[in-house]
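Here are a few notes to read alongside the structure. Have it open and find each piece as you go.

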Amino acid sequence: MREIITAIILVVMSAGVLYAQEVRYIDAPKFDGQIYLYGEPDKADVDFEQWYEIENRGQFVRNVKVPALIPYLPDPAKSNGAAIIIAPGGAFLHHTFGSGGYEAAEWFRSQGFATFILKYRVEITPREEADYQAYVAEKMSGYRAGGLSGNYAPATPDYAFEDINAAVKLIRERAGEFHIRPDKIGIVGFSAGALMAVYNAESAETSCKADFIASIYGQLVMRDMPEKLPPMFAAMSSDDELSGQSGFEIIQAWQKRGIVELHLYGQGGHNFGMGHEPFTNALWPVEFLAWLRMLGIIDAPADTHTISLNNGLNMPQFGIGTFNSSVEQAHDAVLWALRAGYRHIDTAHAYQNERGVGAAVRESGIPRGEIWITSKLWPTDYNSGNVEQSINKMLERLGTDYIDLLYLHQPVGNYRAGWQGLENAVRAGKVRAIGLSNFDLNEELFDDIIEHAEIKPESFTLTHRENHSERSAQRIILLLKAGILWAELTGGMLYCSGTLLFRR
């Protein structure tokens, strides 16, 4: 890989200040199935692009002469029938391919959208880094000065407008190939890309006009509008000095011509992509999906299959486990899983990642009551008097008032006192259901719990099923038939976060 590293002064638009950053020039990434908008290009024009990375900000590209679509296509069986064109930001000087590019494309694909990043043409700028930065600084100072008064935004170049229109038309003409409906094509634009989305909605011919758009931290600049407009979803931060100060005249005008929904978040600045922790702008992707469902553009997700426990609670059948995950890894995996439709998360005190799980649940924007959290109590906390304190600490780490299912993790230690502590937690409303994990390794202790329990186990886990004795299997069947666990072996086995459950 060709790498040129230079120290430069980068304009950080979201903060409105200058920061020293490191730029690393790289070879152009290889994209599978890249679709050129206007036929096979001249290789010299493609090679004219300059790709680079900035630490903690992802990839960028400038001097784009050849517009193209970069496809992110879901499994056809999981397609929701709609397409999303992602138009990255960059003030028409470059493309920002980080959170408002690759990450957005991956997320929309996970939701069943045929997704395409549009690499549209941008202004040709000086190739030397120092000259380019000076050019950008001058441009940005003008944008800031105008943005604060709400009457200035970078004009959408004719060639960029042509590219977004051509992208919509191409996808509509090839809708069957992409397993979508030709009347369910939307544009999600970030910053400058948002200006392109709005301009498309206002000015494009019918064959090239998107069926819905999302303006994400784009300036809402008032222009002449037709009598009818497609639905628009808008999201921005009120402290965004570029977009948050432009007023909402366009929103009021859009109300008279179509459907519009505005989300103005209190903080978060510009360039927040798919959302920045701890700001509430991280909610916009989920809110956008809910909006599309409200409009009937995509269907509501199918009901999550559940298992009925013997206390009447319905536990989501499928879940994601977090064993061997760090706090950061658990946070990222759980957040993506929740956005993809998972509603059951499995963690444990011993995993040491409950804080990451809890943070992801809060950031997802999904009501707590729709998410099932399973955790496990470690044997050192079984002793009488320790259980309540340990559960309180678990609740604090998870950031929740209750745990849906709590197991005794291992069949060792003072398990009787541990079980009594779990029962007390159920009575106190801190835990909704309790169970046993790995107790099949010691049948005597398993039987002892069952015999003395006032609240019978709602669930249990099995370890190394292939090693179970015939007697063990028979005993489990008897327990099931006795109603201790409301389930049947005949329903088939399911894995939920590494826990083997039996479908009712």
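**Notes on the predicted model**

1. Let's begin at one edge of a sheet: strand β3 and strand β6 (residues 68-72) run antiparallel and are joined by two bridges. One pair to look for is Tyr-36 with its bridge partner in β6, Ala-68. Keep in mind that this is a predicted model.

2. Now zoom out to the whole sheet. It is open, has eight strands with mixed pairing, and follows the order β3-β6-β9-β7-β10-β11-β12-β13. Because β3 (35-36) and β13 (260-265) sit at the edges with a single partner strand each, one side of each has no neighbour in the sheet.

3. Next, the core. Nonpolar side chains tend to be buried together in soluble globular proteins. Here the largest nonpolar core holds 80 residues, and Phe-108, Ile-171, Ile-216, Trp-254, Trp-284 and Phe-288 have the most contacts inside it. Helix α4 (residues 158-173) gives the most to this core, eight residues.

4. What does Phe-108 touch, leaving aside neighbours within four places in sequence? Its contacts include Ile-84, Ile-86, Phe-113, Trp-284 and Phe-288. Another core, of 37 residues, lies apart from the largest one, with Val-334, Leu-335, Ile-345 and Leu-445 among its members.

5. Finally, have a look at helix α10 (residues 386-398). Its buried residues are Val-387, Ser-390, Ile-391, Met-394, Leu-395, Arg-397 and Leu-398. They lie on the same side of α10, because they cover an arc of only 160 degrees around the axis. Their cover includes α9 (354-364), β18 (372-377), β19 (403-408), α11 (415-427) and β20 (431-436). Just after α10, Gly-399 has a positive phi of about 70 degrees.

How values were computed
Residues are numbered from 1 along each chain as its sequence is written. Side-chain values use heavy atoms; hydrogens and water are left out. Two strands pair if DSSP finds at least two bridges between them. Helices (H or I, at least four residues) and strands (E, at least two) are DSSP runs, numbered from the N terminus. Buried means under 20% relative accessible area, exposed over 50%, partly exposed in between (1.4 Å probe, protein chains only). The arc is that of the directions from the helix axis to the C-beta atoms. Contact means heavy atoms within 4.5 Å. A nonpolar core is a set of buried Ala, Val, Leu, Ile, Met, Phe, Trp, Tyr and Cys residues joined through side-chain atoms within 4.5 Å.
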